[in-house]
Amino acid sequence: MSNTPSFRIALSCSLLVAAAGAGVAGCGAPDGHPLSARPYDAAGQVGFTGLAEDREVPLDKPLAITARDDDARITDVTAVDEAGRHLAGELSADGRGWRSTGAPAAGARYTVRVATENGDGAPGLRTMTFRTAPARKLLKVEFGPEAGTYGVGQPLTATLSAPVKTKEGRAAIERALRVDSTPEVTGSWHWVDDEKLHFRPKEYWPAGASVTLTSTLGGAHIGGGLYGAPTEPLKIDIGDRVEAVADASTHEMVVRRNGEVINTIPVTTGKPGFETRNGVKVVLEKQPFVRMRSTTVGIAAGSSESYDLPVHYATRVTWSGEYVHAAPWSVGSQGYANVSHGCVGMSTSNAAWFFENFRRGDIVEVVNSQGEDMTPFGNGFGEWNMTWDRWQQGSAVRADTGRAGPARLNPLPR
């Protein structure tokens, strides 16, 4: 929306204030002044280039509005679609024309309000509607995870149906994806690659939070003739803050709920050559029974390190095969030595307890292992191993605006 103030209005206002004296607190229009009248119908004064009432218009043509009457000028133009999105535009300095500068949404109904004034300063108004053509190329967005209750480490994900590589396109997508949280938190999107972006708060989600992810991408222009498709909103709830820290040097796991220690478990982690990854991991899924075969992680069948085992109470933390699970065959080493092939092993009863008390999104951290560090992406949710500064650098909006601070989420209505 562009707004060029009227010279006649500004001049009249200053004269009224001067005449009224110090007792006048503001500017008003007395009876008989042109501004006191109801706006007249300016249909005869305004022309719309390439538009007709309630007719579909192409997406690649700018909207142009002109003042037909030599004794009239345009003072303001607003063009808003049903989703509340404004079409950007510029008003000429002489008030003789207005032209859109932004791309309209596809398949949208716009209402255009044109304010004018005649040679006497009387206000006029012209309103019309038009529809834009549907998009030929649509970008679909799939939100994750599915609706439900998750732990405090669960990120939000948005997966695109086509790659978006430009900074402008990525920024348009980020601005269209809204995260509302109660209680309010600070968070940011991070582009994992051209087709996927993740959202996380600066710190873990607060226990008991309600989080809603919505999109206003439907019809929005992304760039290169690509337009956003509508997406259903996603709502998730956050449970208690449940986190486990497995210390590979002491062979012990400490489990906390909302900051209070609720269990200490003897464990075994990865032995030399198969060390467990250090860092924060997020529970991905739980399986009551898994058959674990060494061939799935590149260990040849029949070799000295091969295995084929029935495993119960398996809580997965990486896609490459790290679990917290029952390991009855290594109970003698649990609490004393690291003898696994990378998983965190414990007794069957302890694994059953762990399985019962942990859900997707809960935190499992491994410390003091000689293994590699957990990667942020590609092997589960490792984003909590990135500093907040580095995380923000993956936001196209932050890069586009140069904003140093994080985005603050809006609280949900109560």
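**Strand pairing, cores and a pocket in a predicted model**

Strand 23 (residues 252-257) and strand 24 (residues 260-266) pair in the antiparallel sense over six bridges, where pairing requires that DSSP finds at least two bridges between two strands. Helices (H or I, at least four residues) and strands (E, at least two) are DSSP runs, numbered from the N terminus. The model is a predicted one, in which local features need pLDDT of at least 70 and side-chain atom pairs count only at pLDDT 80 or more, while totals for chains, interfaces and linings use all residues. Residues are numbered from 1 along each chain as its sequence is written, and side-chain values use heavy atoms, with hydrogens and water left out.

Within this strand pair, R256 has V261 of strand 24 as its bridge partner. Two residues separate strand 23 from strand 24 in a hairpin, and N258 in the turn takes a positive phi of about 55°. Just ahead of this hairpin, the loop between strand 22 (242-247) and strand 23 holds H251. Although H251 is not a glycine, its phi is positive, about 60°. H251 has a relative accessible area of 13% and is therefore buried, given that buried means under 20% relative accessible area, exposed over 50%, and partly exposed in between (1.4 Å probe, protein chains only).

The hairpin also meets a helix. W353 sits in helix 3 (residues 348-357) and touches V255, I262, N263 and I265, leaving aside residues up to four places away in sequence; contact here means heavy atoms within 4.5 Å. Between the C-alpha atoms of W353 and N263 there are 9.6 Å, with their positions 90 residues apart along the chain. W353 is partly exposed because its relative accessible area is 25%.

For the protein as a whole, five helices and 31 strands are found. Of its 414 residues, 46% count as buried. Among contacts with a separation of 6 or more, 66% come from residues 24 or more positions apart.

A further antiparallel pair is made by strand 6 (residues 73-81) and strand 9 (residues 109-117), over eight bridges. In this pair D81 stands opposite Y110 of strand 9. Strand 6 is mostly covered, with seven of its nine residues buried.

Turning to the interior, the largest nonpolar core contains 40 residues, and L139, I173 and W205 have the most contacts inside it. A nonpolar core is a set of buried Ala, Val, Leu, Ile, Met, Phe, Trp, Tyr and Cys residues joined through side-chain atoms within 4.5 Å. Another core, of 21 residues, lies apart from the largest one and has F48, L63, L91 and M128 among its members.

K140 is found in the loop between strand 11 (137-139) and strand 12 (141-144). With a relative accessibility of 53%, K140 is exposed, yet it touches T159, L160, S161 and A229, not counting residues up to four places away in sequence. The C-alpha atoms of K140 and P230 are 7.4 Å apart, although 90 residues separate the two along the chain. After strand 12, the peptide bond from G144 to P145 is cis, with omega near 0°, and P145 belongs to the loop between strand 12 and strand 13 (148-150). A cis bond also runs from T182 to P183, again with omega near 0°; P183 is placed in the loop between strand 15 (177-182) and strand 16 (186-193).

Finally, there is the pocket. Rolling a probe the size of a water molecule over the atoms shows where empty space is left. On a 1 Å grid over the protein atoms alone, a pocket is an open set of points where a 1.4 Å probe fits, with protein on both sides within 12 Å along at least five of seven lines, and lining residues have an atom within 4 Å of a point. The largest pocket holds about 750 Å³ of space, a volume being the space filled by probe spheres set on the points, which are joined across faces, edges and corners. Its lining comprises 35 residues, of which Y307, G321, H341, G342 and C343 are the closest to the centre. Strand 26 (285-293), strand 27 (308-316) and strand 28 (323-326) each contribute at least two lining residues, and strand 26 gives the largest share, four residues. Strand 27 also contains Y313, which has a positive phi of about 55° without being a glycine. Y313 is partly exposed, at 30% relative accessibility.
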